Amino acid sequence: MRRRWGVLVVMLLLAGGAVAGVTMRGRGRPAAEATPTAPPVPVEVAIAKTGDVTRTIEVSGTVVSPRTAEVVPKISGRVSRVLVQDGMRVAAGQALITLDASDQQAEVRQAAAAVAAAEARLALVEAGQRPQERQVVFNAYTQAQNQVKAAETQVALAQAALRVAEDNLRRNEQLLRDGAIAQAQVDQARLQYDQARAQLQAAQTQLEIARTGVDSARQQWDMTQTGAREEDLRAARAQVQQARAVLALARQRLANMTIRAPFAGRVSGVTVSPGDYVVSGDFAGRSSAVAIVYDEQLMEVEVKVGERDLGLIRVGQPAVLRPEGVDGSVDAVVAVISPLADPTSRSSSVRLRLKNGGQGLVPGVFARGEIVVERRSGVVLVPKSAVVGGDQPIVRVVVAGTVEERQVTTGLTQGNAVEVRSGVAEGEAVVVLGPESLPAGTAVKVVNQ
């Protein structure tokens with residue numbers, strides 16, 4: 001810019017000198033006696049205009065979905081079918097993965113049979129029994145007692161197996177921490193532990209069903225000796241209710257063998273295949289998620305804002321973001337401002353909610369942009385190069401070929417434009433290129449018009 005200014009000055013000085021010399025020679029006067037008039041100083045100007053100006057805070061962060069769920073099985077089991085794959089959109093409650101439910105189906109059938117038996121016994125109590133039916137009742141009572149003993153034996157065996165599996169798992173985990181065995185051996189021990197725990201649960205369910213049956217059979221046998229009483233009827237009805245509750249629990253366990261989407265969204269991170277054994281809950285700190293479902297219609301960008309700028313941000317302020325790999329920009333709005341700051345970085349987390357569902361963005365994408373914290377419309381704007389001075393800025397205005405110095409009050413700056421709140425009016429020509437020293441009253445020549 002200074003080279004450009006120097007060339008303009010030299011050209012005008014040379015031209016002025018040539019004209020003065022010709023004039024003096026024409027009058028026959030010596031050149032030393034000439035008193036030439038100083039030529040106008042060449043300057044470039046810009047016209048002050050009205051427009052809009054905004055104050056922004058630059059931010060960057062990662063696209064996230066605030067509604068994200070890790071899908072975990074409620075019951076351990078072996079994967080039978082995987083019905084979805086990464087990227088698929090699913091409805092709320094849609095089946096994602098099914099587990100082998102043969103054991104649970106057997107439990108449902110057995111519990112249903114127990115309900116039928118309890119209802120039959122209740123019918124007998126209510127109707128009364130004939131003498132020849134007493135032997136049948138006694139036989140049923142004896143058989144029920146035998147079933148309880150067998151179920152108790154199975155529970156004891158399952159408890160012993162669980163203790164052995166648990167001890168084995170703990171021993172293998174310690175060996176893994178000592179570096180003596182591989183992770184695969186720990187995983188195998190954990191699988192055996194889960195299977196033992198599942199077998200114990202099944203045995204306890206069978207014992208509960210057997211005890212229900214023996215209680216009903218005992219009451220039925222007692223009633224054959226003394227006749228049905230009101231309390232016997234109440235007990236028989238209670239047995240029916242208990243059997244129905246066991247059936248409902250068995251049906252719920254069967255339903256839990258199908259892993260479903262918790263809400264409508266998109267599937268990501270499917271980690272299992274048919275034949276894999278999945279574990280319910282979170283065991284030993286390891287996530288048991290088999291898939292992730294996130295709501296792609298509700299996407300946000302999580303950014304960090306420093307303590308100096310945090311006070312300028314308000315919920316509802318607009319923002320413009322430019323995600324990586326996406327042409328153009330995406331509109332957003334400030335949705336959440338964290339009330340806590342990171343003591344290390346002195347910054348707080350701010351979430352910007354993307355409009356129109358994020359337009360197909362996926363979690364994890366990097367984005368950068370600006371939050372608009374202030375917007376002013378219809379203000380006078382001049383180029384940044386027109387404002388000179390430090391604490392007391394001035395703008396040099398060209399009026400009738402001469403320079404006027406105006407003290408101005410500046411406001412927001414956006415790019416190369418500066419808001420002038422006082423001192424300059426719309427349409428006035430302001431100097432943007434000229435000598436550093438340009439006092440008021442200097443005659444100037446505008447060279448860019």
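# A tour of the predicted model

Thr98 is buried, because its relative accessible area is 16%, and the cut-off for buried is under 20%. Select Thr98 to begin. Keep in mind that this model is predicted.

**Stop 1: around Thr98**

Thr98 sits in strand β6, residues 95-99. What is Thr98 in contact with, once neighbours within four places in sequence are left aside? Show Arg78, Val79, Ser80, Arg81 and Leu83, then add Met257 and Thr258. Those residues are the contacts of Thr98.

Now show the sheet around β6. Four strands make up an open sheet, in the order β7-β6-β4-β9. The pairing in this sheet is antiparallel. Which strands are at the edges? Select 258-260 for β7 and 277-278 for β9. Each of these edge strands pairs on one side only.

Move to β4, residues 77-82. Two bridges connect β4 with β9, and the two strands run antiparallel. Pick Arg78 and look across to β9: the bridge partner is Tyr277. Arg78 is also one of the contacts of Thr98.

**Stop 2: a second open sheet**

Next, select the strands β3, β10, β8 and β5. They form an open sheet in that order, with antiparallel pairing. Why is one side of β3 (68-71) and of β5 (89-90) left without a neighbour in the sheet? Both stand at the edges and each has a single partner strand, so one side stays free of a sheet neighbour.

Follow β5 to its partner. Two bridges join β5 to β8, residues 265-268, and the strands run antiparallel. Select Arg89 and then Arg266 in β8: these two are bridge partners.

**Stop 3: helix α2**

Select residues 102-127. This is helix α2, with 26 residues. Put a distance line between the C-alpha atoms at its ends. How far apart are the end C-alpha atoms of α2? They are 38 Å apart. At 1.5 Å a residue the helix should span 38 Å, so the two values agree.

Colour the buried residues of α2. They are Gln104, Glu107, Val108, Ala111, Val115, Ala118, Arg121, Leu122 and Val125.

**Stop 4: salt bridges**

How many salt bridges does a search of the whole structure find? It finds 20. Visit three of them.

Start with Arg190 and Glu173. They form a salt bridge, with the closest N and O atoms 3.3 Å apart. The pair links distant parts of the chain: Arg190 is in helix α4 (residues 183-226) and Glu173 in helix α3 (residues 131-177), 17 residues apart. Are these two residues buried or exposed? Both Arg190 and Glu173 are buried.

Jump to Glu300 and Arg351. Their side chains meet in a salt bridge, at 3.2 Å from N to O. Here, too, distant parts of the chain are linked: Glu300 lies in strand β11 (residues 300-306), Arg351 in strand β14 (residues 347-354), and they are 51 residues apart. Glu300 is buried, because its relative accessible area is 1%. Arg351 has 24%, so Arg351 counts as partly exposed.

Now select Arg368 and Glu324. This salt bridge spans 3.9 Å from N to O. Arg368 belongs to strand β15 (residues 366-383), while Glu324 is in the loop between β12 (318-323) and β13 (330-342). The two are 44 residues apart. Arg368 is partly exposed, with a relative accessible area of 41%. Glu324 is partly exposed as well, at 44%.

Go back to Glu300 and Arg351, and add Glu302 and Arg353. Salt bridges that share partners join these four residues into one network.

**Stop 5: strand β2**

Select residues 49-64, which are strand β2. How many bridges join β2 to β15? There are 13, and the strands run antiparallel. Pick Gly51 to see one pair: its bridge partner in β15 is Val379.

Strand β2 also has β11 as a partner. Four bridges join them, again antiparallel. Select Val63 and Val301 in β11 to see a bridge pair.

**Last stop: the whole chain**

Zoom out. The chain has six helices and 22 strands. Of its 449 residues, 37% count as buried. The accessible surface comes to about 25,100 Å², and 51% of this belongs to carbon and sulfur atoms. Among contacts with a separation of 6 or more, 77% are between residues 24 or more positions apart.

Methods: Residues are numbered from 1 along each chain as its sequence is written. This is a predicted model: local features need pLDDT of at least 70, side-chain atom pairs count only at pLDDT 80 or more; totals for chains, interfaces and linings use all residues. Side-chain values use heavy atoms; hydrogens and water are left out. Two strands pair if DSSP finds at least two bridges between them. Buried means under 20% relative accessible area, exposed over 50%, partly exposed in between (1.4 Å probe, protein chains only). Contact means heavy atoms within 4.5 Å. The expected span of a helix is 1.5 Å times one less than its number of residues. Accessible areas come from the Shrake-Rupley method with a 1.4 Å probe; for residues, only the protein chains shown count as cover.
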